[in-house]
Amino acid sequence: KDAYNYQLTYGTFKKATPGTFEVYAAYRKINSNIYPGSTYDTLDGATKGWLVGTQVGLAKNVYSKLEYFMAKDYNNNDQKKNLFYGKVEFIF
């Protein structure tokens with residue numbers, strides 16, 4: 001009941017098209033009883049915070065993703081969590 005995601009995105013990223021990109025900034029809050037692993041790469045349950053990221057098409061069916069997430073674990077006395085996340089994905 002109190003989980004949400006506000007995101008502002010610029011660009012049109014397509015996984016299969018080289019040269020496409022998007023950059024985005026988001027504020028996310030995920031409740032402790034939600035498992036976000038299938039939707040968000042950089043988020044655990046019971047966290048809230050700011051995320052900035054980008055995705056870029058490198059070649060046909062090859063893309064990269066880079067994110068930085070500045071969060072607090074609100075079930076653990078607002079313990080700070082900072083996470084860099086990057087990947088290169090090949091699609092077959």
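A residue is called buried when its relative accessible area is under 20%, exposed when this area is over 50%, and partly exposed in between, with a 1.4 Å probe and protein chains only. At 23% relative accessibility, N61 therefore counts as partly exposed. The structure described here is a predicted model, in which local features need pLDDT of at least 70 and side-chain atom pairs count only at pLDDT 80 or more, while totals for chains, interfaces and linings use all residues. Residues are numbered from 1 along each chain as its sequence is written, and side-chain values use heavy atoms, with hydrogens and water left out.

## Overall architecture

The protein chain contains 0 helices and 5 strands. Both kinds of element are DSSP runs numbered from the N terminus: helices are H or I runs of at least four residues, and strands are E runs of at least two. Read from the N terminus, the order of elements is β-β-β-β-β. The chain has 92 residues, of which 30% count as buried. A contact means heavy atoms within 4.5 Å. Among the contacts in the chain with a separation of 6 or more, 45% come from residues 24 or more positions apart.

The accessible surface is obtained by the Shrake-Rupley method with a 1.4 Å probe, and for residues only the protein chains shown count as cover. The protein chain exposes about 6100 Å², and carbon and sulfur atoms supply 54% of this area.

## Strand pairing and hairpins

Two strands are said to pair if DSSP finds at least two bridges between them. Strand 3 (47-59) is followed by a loop that holds N61 and leads to strand 4. Strands 3 and 4 run antiparallel and are joined by 12 bridges. T47 stands opposite D73, a residue of strand 4. The two strands form a hairpin with 2 residues between them, and N61 in the turn has a positive phi of about 65 degrees. Most residues other than glycine have a negative phi. N61 has its positive value although it is not a glycine.

Strand 4 also pairs with strand 5 in the antiparallel sense, over 12 bridges. E67 has Y85 in strand 5 as its bridge partner. The hairpin of strands 4 and 5 has 5 residues between the strands, and N77 takes a positive phi near 55 degrees there.

## Salt bridges

A salt bridge is a side-chain nitrogen of Lys or Arg within 4 Å of a carboxyl oxygen of Asp or Glu. The structure holds 3 salt bridges, listed below.

| Lys | Acidic partner | N to O distance |
|---|---|---|
| K65 | E67 | 3.8 Å |
| K81 | D73 | 3.8 Å |
| K87 | E89 | 3.0 Å |

E67 and K65 are both buried. K81 is partly exposed at 28% relative accessibility, whereas D73 is buried at 12%. D73 lies in strand 4. Leaving aside residues up to four places away in sequence, D73 touches A46, T47, D78, Q79 and K81. K87 is partly exposed, with a relative accessible area of 25%, and E89 is partly exposed, also with a value of 25%.

## Aromatic pairs and a nonpolar patch

Rings of Phe, Tyr and Trp (its six-membered ring) pair if their centres lie within 6.5 Å; planes under 30 degrees apart count as stacked, over 60 as edge-to-face and the rest as tilted. By this rule there are 6 aromatic pairs. The ring centres of Y4 and Y27 are 6.3 Å apart and their planes stand at 25 degrees, so this pair is stacked. The pair links distant parts of the chain, since Y4 is in strand 1 (residues 4-11) and Y27 in strand 2 (residues 21-30), 23 residues apart. Y4 is partly exposed at 32%, and Y27 is partly exposed at 22%. In the pair of Y68 and F84 the centres are 4.5 Å apart and the planes at 35 degrees, so the pair is tilted. Y68 lies in strand 4 (residues 62-73) and F84 in strand 5, so the pair ties together parts that are 16 residues apart in sequence. Y68 is partly exposed at 22%, whereas F84 is exposed at 65%. Ring pairs also link Y4, Y6, Y27 and W50 into a cluster.

Patches are made of residues with over 30% relative accessible area and no salt bridge; like charges are joined within 9 Å, and nonpolar side chains (Val, Leu, Ile, Met, Phe, Trp, Tyr) within 5 Å. L58, V88, F90 and F92 make a nonpolar surface patch of about 530 Å². V88 belongs to strand 5 (residues 79-90).
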